[in-house]
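Trainee: I am new to this structure and would like a close look at a single part. Could you take me through the surroundings of one residue in the core, and then outwards from there?

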Amino acid sequence: MKLSGKIYTALIFIFLFAPIAILLVFSFNEARSLSVFSGFSLKWYGELFRDSDTLKSVQNTLIVAVCASVIATAMGTAAAVGIDKLRSRYIRTALDTVTNIPMINPDIITGISMMLMFVFVGRLFGAATSLNFATILIAHITFCLPYVILQVLPKLQQMDKALPEAAMDLGCTPMRAFLKVEVPEIMPGIITGFIMSFTLSLDDFVISYFTTGTGFQTLPIRIYNMTKKTVTPKMYALATIIFFVILALMLLSNLADNDDSRQLRAMRKAKRAARRAERAAERAARLQKAPPALSARKKTVIAVSAGAVAVIAAIVMIIASSDNQPRVLNVYNWGEYISDGSEGSMDVIKEFEKWYRAEYGEKIKVNYSTFASNEDMYAKLASGAVSYDVIVPSDYMIARLVDEGMLLPLNYDNIPNYQYIGEDFRGLFYDPDNLYTVPYTYNFVGIIYDANVVDEADTGTWDLMWNPKYARQILQFNNSRDAFGTAMYRAGISVNDPDYAVWDAALESLLEQRPLVKSYVMDEIYNMMESGEAAIAAYYAGDYFTMADAQADNVDLQFYCPEPTNYFVDAMCIPACCEDKELAEIFINYMLSEEPAIANAEYICYACPNSLVTENEEYLEDMGEEALAILYPDLGSFAELFNEYAYRNLDTEHLDYLNTLWETLKIN
């Protein structure tokens, strides 16, 4: 190979494996950063094995992958055999085309269509919820089947058709000939189909996202839902473990293959085929001399009957034991938005389960699921595919849910800790009569900047985001509402003005800013600001602390809140699909009690409307004066600021117009 060819090959391998190498190295990083290596540590591996939710999601992923790949392999092999035996070339071609459609079809179309089908069938049979483990398993089997057929069918076409015929001439039944002669010949295709099915199922996110129910979360969904904050380094550790396990399996497979040359494998294969034919002949001879026995058909009927009885017995046992199942509460919250036991914090969900059992003498199970955006949460609720008991949407989405009759009024007698919610957080525009919500956190948008790069004299207003001195060092929101919000707050325009001309003016301001912007980001902001790759960004105040804790030595991140800005509240609500309202209210009340409320406030680093938190000396001391000055500035009346500057829910026409303007900005 020429030198240029070697260099080209090396560059290809570097391009392929550099991201994995970086992830591997930083899984041993002492700090949270993915840009600055501060020292070797096994800290994140310890965190991983203490994270029961992540380990549970790994278990769920493996269960689905194994079940789906086994069933798809069996069904796909049978389908391939059936297609191979078809005599009509036109029918075979048609079936081949139909088989290829699921592979070509975009995953999002498959996921949405399957979700709609499950919802339709569930409502047809009166099911309270349509999505569960069975639906995600069926979905995975569906998209794995074509890959199995694609691997097995060529092996059947390559096989010598005389082999099974010879076995049957020697006395084998068709089934015995298939199992003893055909299956060994097509086994490489079956194994390849199984491996492909397992890999695809293990890796799938889109279809799983639309077909999974409450209380069952696969690893890709869990990682995706870590979008309220950056993905934690324990996920780097998990990815490293998975990578080395797969690498070990590949090495073992290659070592096994290298033991035999092609010629030896061909000779051994021929000898095995000959021995199988001899054994088949011997069995046929013994069967002729043996006393009458059950026919193959009768044996098949008996086996199928026994299997059916076993399945029915299992179903009966499950139904019989269902009365002993613990009471279930389904909670739907933002990713990384509750204290989960990591880094020595309190595991609020587990503590609630323990507290409830001690208080009421009854065992309960909390199924805790997460979403990435208000719109994702709304889509799940509106579909009717799943049922949740407690949700935590943001203010403008709460108003929409109330308008559409998707929330239940709360019985505040079951939530006595509501008394600790400050008056400034009652009677807000999304719930003016205090019927549906209990505030969970609140926060506002500010500007994070690197003091080593940005002059102090340039800070204090939104103009910093438009300052040409810092061209290509500015990060802007990668969502339309917040990005347009920065331009409208800068210009003193109402972010809820229905006049299209106002939105056009905001677009012009963003187009003016466009040459100065390094990138439009959401979660990418963490690594870019922590490493000093960018110097200025608009983001949520609470997330500033996460970045400051992981910043590089040459970076000095600071924060200020320009006026006016966006203020928002996330609140706990009970959706209309709730199946246990009383338990949901007990959970909300527990979340307002002192210990879990403080644990959540410290973990999330957002401001808390609960006086049990804001008046707790230990919390105030742990947070420190600097953090408290940022999270709890002297704003005067928060209710007045919130009602004036918070986003309101836009109607469909204005949302469509905003999306059109956003596309115009991104294209330019």
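Mentor: Happy to; here is a walk that begins in the core, passes to a sheet and ends with aromatic rings and loops.

This is a predicted model, in which local features need pLDDT of at least 70 and side-chain atom pairs count only at pLDDT 80 or more, while totals for chains, interfaces and linings use all residues. Residues are numbered from 1 along each chain as its sequence is written, and side-chain values use heavy atoms, with hydrogens and water left out.

Let us begin with the largest nonpolar core, which has 165 residues. Such a core is a set of buried Ala, Val, Leu, Ile, Met, Phe, Trp, Tyr and Cys residues joined through side-chain atoms within 4.5 Å; buried means under 20% relative accessible area, exposed over 50%, and partly exposed in between, with a 1.4 Å probe and protein chains only. Phe352, Phe484 and Ile536 have the most contacts inside this core. Its largest share, eleven residues, comes from helix H6 (residues 133-158). Helices (H or I, at least four residues) and strands (E, at least two) are DSSP runs, numbered from the N terminus.

Now stay with Phe352. Leaving aside residues up to four places away in sequence, Phe352 touches Leu329, Ile364, Val366, Leu583, Ile586, Phe587 and Tyr590, where contact means heavy atoms within 4.5 Å.

One of those neighbours gives an aromatic pair: Phe352 and Phe587 meet edge-to-face, 5.1 Å centre to centre with 85° between the planes. Rings of Phe, Tyr and Trp (its six-membered ring) pair if their centres lie within 6.5 Å; planes under 30 degrees apart count as stacked, over 60 as edge-to-face and the rest as tilted. Phe352 lies in helix H14 and Phe587 in helix H21 (residues 581-592), so the pair ties together parts that are 235 residues apart in sequence. Both Phe352 and Phe587 are buried.

A second pair makes a good companion: Phe429 and Phe642 are stacked, with 5.3 Å between centres and 20° between planes. Phe429 is in the loop between helix H16 (395-403) and strand S4 (438-450), and Phe642 is in helix H25 (residues 638-645), 213 residues apart. Both are buried. Phe429 and Phe642 also belong to one aromatic cluster, whose members include Tyr442, Phe444 and Tyr567.

Back to the sheet beside Phe352's helix. This open sheet of three strands has the order S2-S1-S3, with parallel pairing; two strands pair if DSSP finds at least two bridges between them. S2 (364-371) and S3 (390-391) stand at the edges with a single partner strand each, so one side of each is left without a neighbour in the sheet. Eight bridges join S1 (residues 327-334) to S2, and Trp334 has Phe371 in S2 as its bridge partner. Helix H14 (residues 348-360) packs on the sheet, touching S1 and S2, and its direction makes about 155° with that of S2. Axes here are lines fitted to C-alpha atoms, for helices over the stretch in contact, and angles run from 0 to 180 degrees between N-to-C directions.

Finally, look at the loop between S1 and H14, where Glu336 lies. Phi of Glu336 is near 55°, a positive value in a residue other than glycine, and Glu336 is buried at 10% relative accessible area. Asn434, in the loop between H16 and S4, also has a positive phi of about 55°, but Asn434 is partly exposed at 25%.
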